[in-house]
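User: I am new to this structure and should be grateful for a close look at a single part of it. Please set that part in its surroundings in one connected account.

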Amino acid sequence: MQIHSEPHSTSYFKKGLWWKIVLSIAIVLGLGFLSGYFSAPVEQDWYENLNKPVFQPPRWLFGPVWTVMYILIGASFGIIWQVSHKARYPIIKKFANRGLIIFIIHFVLNLLWTPLFFSLHAPGVALVDIVILLVLVIILIRHFFRLDRIAAFLLIPYLIWILFATVLNASILAIN
């Protein structure tokens, strides 16, 4: 059941939506880039010497995939931010704000994974982080679905990618 009652087509809801989406995408992309950038110099030798599973994608694929994922999750955040901002009822505003808090917690764990895995060379700790992240993404999708279905559906590719990354992380840990 969706509790947000304002359709996207109303000008009431749309007013301010696009700048929230653009700002959210820019912040998410920027923080994601910084997390990867500061972990990149250390990762080269250590990561190259690890045994990797046969389903390991080529390294060049990770940048474009994460860019798309960050755009989708940034847009999702922007929509829920708008729901929170435009909510007519306090209960919806409170529920949307709770979703934003869950998002921020999940995103901190997302940003921590790269330095945990690559900079600290701690695939075990990174696996714990990504499993918690996976659970939070599922909770986030369920929470966002009750507020705005588009915001929830934007997170589905991200959920699939995080699930794949969890299996990849666990496999690397198991074979090394």
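In which helix is Gln82 found?

Analyst: The model discussed here is a predicted one. Gln82 is found in helix H3, which covers residues 59–86. Its relative accessibility is 0%, and buried means under 20%, so Gln82 counts as buried.

The side chain of Gln82 has a partner in Lys20. A polar contact of 2.9 Å joins the side chains of these two residues. In sequence, Gln82 and Lys20 are 62 residues apart, whereas in space their C-alpha atoms are 7.0 Å apart.

Helix H3 is also involved in a contact between charged side chains. The structure holds 1 salt bridge, and this is where the side chains of Glu48 and Arg59 meet, at 2.6 Å from N to O. Glu48 lies in helix H2 and Arg59 in helix H3, so the pair ties together parts that are 11 residues apart in sequence. Neither partner falls in the buried class: Glu48 counts as partly exposed because its relative accessibility is 42%, and Arg59, with a relative accessible area of 34%, is partly exposed as well.

Both helices take part in the lining of the largest pocket. This pocket has a volume of about 720 Å³. It is lined by 31 residues, and those nearest its centre are Phe62, Gly63, Trp66, Thr114 and Phe118. At least two lining residues are supplied by each of H2, H3, helix H4 (90–119), helix H5 (123–147) and helix H7 (156–175). The largest share of this lining comes from H2, with 9 residues.

Helix H2, which spans residues 17–48, contains Ile27. Here the relative accessibility is 46%, so Ile27 counts as partly exposed, in contrast to Gln82, which at 0% counts as buried. Ile27 belongs to a nonpolar patch on the surface, together with Trp19, Leu23, Leu31, Phe33, Leu34, Tyr37 and Phe38. The accessible area of these patch residues together is about 850 Å².

To return to the residue in question, Gln82 is a buried residue of helix H3, and its side chain is joined to that of Lys20 by a polar contact. Helix H3 itself holds Arg59, the partner of Glu48 of helix H2 in the salt bridge, and supplies at least two residues of the lining of the largest pocket.

Definitions and conventions. Residues are numbered from 1 along each chain as its sequence is written. This is a predicted model: local features need pLDDT of at least 70, side-chain atom pairs count only at pLDDT 80 or more; totals for chains, interfaces and linings use all residues. Side-chain values use heavy atoms; hydrogens and water are left out. Patches are made of residues with over 30% relative accessible area and no salt bridge: like charges are joined within 9 Å, nonpolar side chains (Val, Leu, Ile, Met, Phe, Trp, Tyr) within 5 Å. Accessible areas come from the Shrake-Rupley method with a 1.4 Å probe; for residues, only the protein chains shown count as cover. A salt bridge is a side-chain nitrogen of Lys or Arg within 4 Å of a carboxyl oxygen of Asp or Glu. Helices (H or I, at least four residues) and strands (E, at least two) are DSSP runs, numbered from the N terminus. Buried means under 20% relative accessible area, exposed over 50%, partly exposed in between (1.4 Å probe, protein chains only). A polar contact is a pair of N or O atoms within 3.5 Å; within protein, one must be able to donate a hydrogen and the other to accept it, and residues adjacent in sequence count only if both atoms are side-chain atoms. On a 1 Å grid over the protein atoms alone, a cavity is a set of points where a 1.4 Å probe fits but cannot get out, and a pocket is an open set with protein on both sides within 12 Å along at least five of seven lines; lining residues have an atom within 4 Å of a point. Grid points are joined across faces, edges and corners, and a volume is the space filled by probe spheres set on the points.
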